[in-house]
Amino acid sequence: MLIDRFGRAIEYLRLSVTDRCDLRCNYCLPKGFKHFEEPDNWLTFDEIERVVAVFARLGTRRVRLTGGEPLLRRNLPQLAARLSALPGLEDLSLTTNGTQLSRHAAALHAAGVRRINLSLDSLRRDCVAEITGSDSLPKVLEGLMAAKEAGFAPIKINMVAMQGVNEQDIEAMTAFCIEHGFILRLIEAMPMGDTGRSAHYLDLQPVMRRLCQQFDLVEQAKSLGGGPARYWSSRDGSFSLGMITPISQHFCATCNRVRLSVDGTLYMCLGQEEKMELRPLLRAGIDDAGLEAALREAIELKPERHEFRERPQKLVRFMSMTGG
Ligand code: SAM
């Protein structure tokens, strides 16, 4: 097992397969951004598989493919099939913006991906265009329905809730998720990079109280999926709504994850700088025992918590660089 200095078991890896994205969500990646990682620096599928296999031997049970937009990485279903076949790995999931999902949903499901989180901040076409920088809603909805058709379960909708931008869309999104059997997760904007800092932060605590009354939701004692979200469900259990509140109520004490970026940097915390560069080790021919020792050393660096609230200026990395 990988246990950090604060007694937390690290059993979840978020794996960014590209830092590129076809959208420019205004809280994430700046318009005109060009400083993407060079392809020579991308971990190859062989390198990714090796690292994940060593993580799995050290107790990692769950891997989430993310990015950037993970579906922009060519042949992603092939990588998914290789990862889902690794001994010890129990859960392979994907976070996507959905624009390419209608083409890849069936292949991803066949490759062993079972759970999908899809990012969607509004059901209003003009609002989505304003946030993402492109008229993407029709494609995203097509992808979402293709995922439902392909049998992914659960499907979670990630909605970054922002004051004066899409807060008025939360009720409509809740009703949409109830209708289609999706789990809705509301997320507070995090001050990552200038983009994240300029997002219109909305405190989700009062929003949740309002939704509980309106949709008759009750708080759940257990998390769904082992992540940081707190959940509320309808009384018949058919609908769940989660809240990810890194700012108004952080959850670092139960953090169980690390993040591997496309260039092989292992980040210990979304909101801090501690990291270990794995690519030079892999390309210098490190053996599996050495890699295992490197991962243990890296976990020792994991900080106790982020400081999004106390030091919002601290982090210059955008979410898409780390792998959100
Ligand atoms: N492209 C994929 C997607 O859109 O889901 C995966 C990567 S994206 C960086 C992962 C998640 O991070 C998305 O749900 C996005 O809304 C969220 N995100 C990006 N920047 C954020 C920020 N500053 N605060 C909160 N969430 C953010």
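**Close-up 1. Ser119 and its neighbours hold polar atoms against the ligand.** In this predicted model, a polar side-chain atom of Ser119 sits 2.6 Å from an oxygen atom of the ligand. Glu69 also brings in its side chain, with a polar atom 3.0 Å from a ligand nitrogen atom. Thr96 takes part through its backbone: an N or O atom there lies 3.3 Å from an oxygen atom of the ligand. With the protein around it, the ligand has 94% of its accessible area covered, out of the 550 Å² that it has on its own.

**Close-up 2. The shell around the ligand is made of 18 residues.** The closest of them are Gly68, Glu69, Thr95, Ser119 and Met190. Sorted by character, the shell has six nonpolar residues, 10 polar ones and two charged ones. Which elements give two or more residues to this shell? They are strand E3 (91-96) and strand E5 (155-161).

**Close-up 3. Tyr27 is part of an annotated binding site.** An unreviewed UniProt entry puts the label "binding site" on Tyr27, Gly68, Ser119 and Met190. Gly68, Ser119 and Met190 also turn up among the residues closest to the ligand in the model. Tyr27 itself belongs to the loop between strand E1 (12-16) and helix H1 (45-57). Is Tyr27 buried or exposed? Its relative accessibility is 15%, so Tyr27 counts as buried.

**Close-up 4. Cys252, Cys255 and Cys269 cluster in space.** The unreviewed UniProt entry also has "binding site" on this cysteine trio. The three are spread over 18 residues of sequence, yet the largest C-alpha distance among them is 9.3 Å. Look for Cys252 in the loop between strand E9 (240-244) and strand E10 (257-260). Cys252 is a buried residue, because its relative accessibility is 8%.

**Close-up 5. Cys21 and Cys212 show cysteines without a disulfide partner.** How many disulfides does the structure hold? The count is zero. Why is Cys21 unpaired? Its closest cysteine sulfur belongs to Cys25 and is 6.3 Å away, which is too far for a bond; the cut-off for a disulfide is 2.5 Å between the sulfurs. For Cys212, the closest cysteine sulfur is that of Cys177, at 16 Å, so that pair is too far for a bond as well. Cys21 is buried, with a relative accessible area of 18%. Cys212 is buried too, and its relative accessible area is 18%.

**Close-up 6. Leu65 sits in strand E2 (residues 62-66).** Leu65 has a relative accessibility of 0%, so it counts as buried. Follow the chain on to Leu76, which is 11 residues away from Leu65 in sequence. In space, C-alpha to C-alpha, Leu65 and Leu76 are 9.2 Å apart.

**Close-up 7. Asn75 and Asp216 both have a positive phi.** Most residues other than glycine have a negative phi. Asn75 is not a glycine, but its phi is about 65 degrees. You'll find Asn75 in the loop between E2 and helix H2 (76-84). Asn75 counts as partly exposed because its relative accessibility is 40%. Asp216 isn't a glycine either, and its phi comes out at about 50 degrees. Where is Asp216? It is in the loop between helix H8 (204-215) and strand E7 (217-219). At 37% relative accessibility, Asp216 also falls into the partly exposed class.

**Close-up 8. Ala153 and Pro154 are joined by a cis peptide bond.** Most peptide bonds are trans. Here, though, omega is about -5 degrees between Ala153 and Pro154. Pro154 is in the loop that runs between helix H5 (137-150) and E5. Strand E5 is the one we met in the ligand shell, where it gives two or more residues.

**Close-up 9. Ser240 and Ser233 touch through their side chains.** The two serine side chains make a polar contact of 2.9 Å. Ser240 is in strand E9. Ser240 is buried, with a relative accessible area of 10%. E9 also borders the loop that holds Cys252.

Methods. Residues numbered from 1 in each chain as written. Predicted model: local features only at pLDDT ≥ 70, side-chain atom pairs only at ≥ 80, totals over all residues. Heavy atoms only, no water. Buried < 20%, exposed > 50% of the residue type's maximum accessible area, 1.4 Å probe, protein only. Near = heavy atom within 4 Å. Polar contact = N/O pair within 3.5 Å; in protein donor to acceptor, adjacent residues only side chain to side chain. Areas by Shrake-Rupley, 256 points an atom, 1.4 Å probe, with all protein chains shown as cover. Helix = DSSP H or I, 4+ residues; strand = E, 2+ residues; numbered from the N terminus. Nonpolar A, V, L, I, M, F, W, Y, C, P; charged D, E, K, R; others polar. UniProt positions renumbered as here; feature names shortened; annotations may be inferred.
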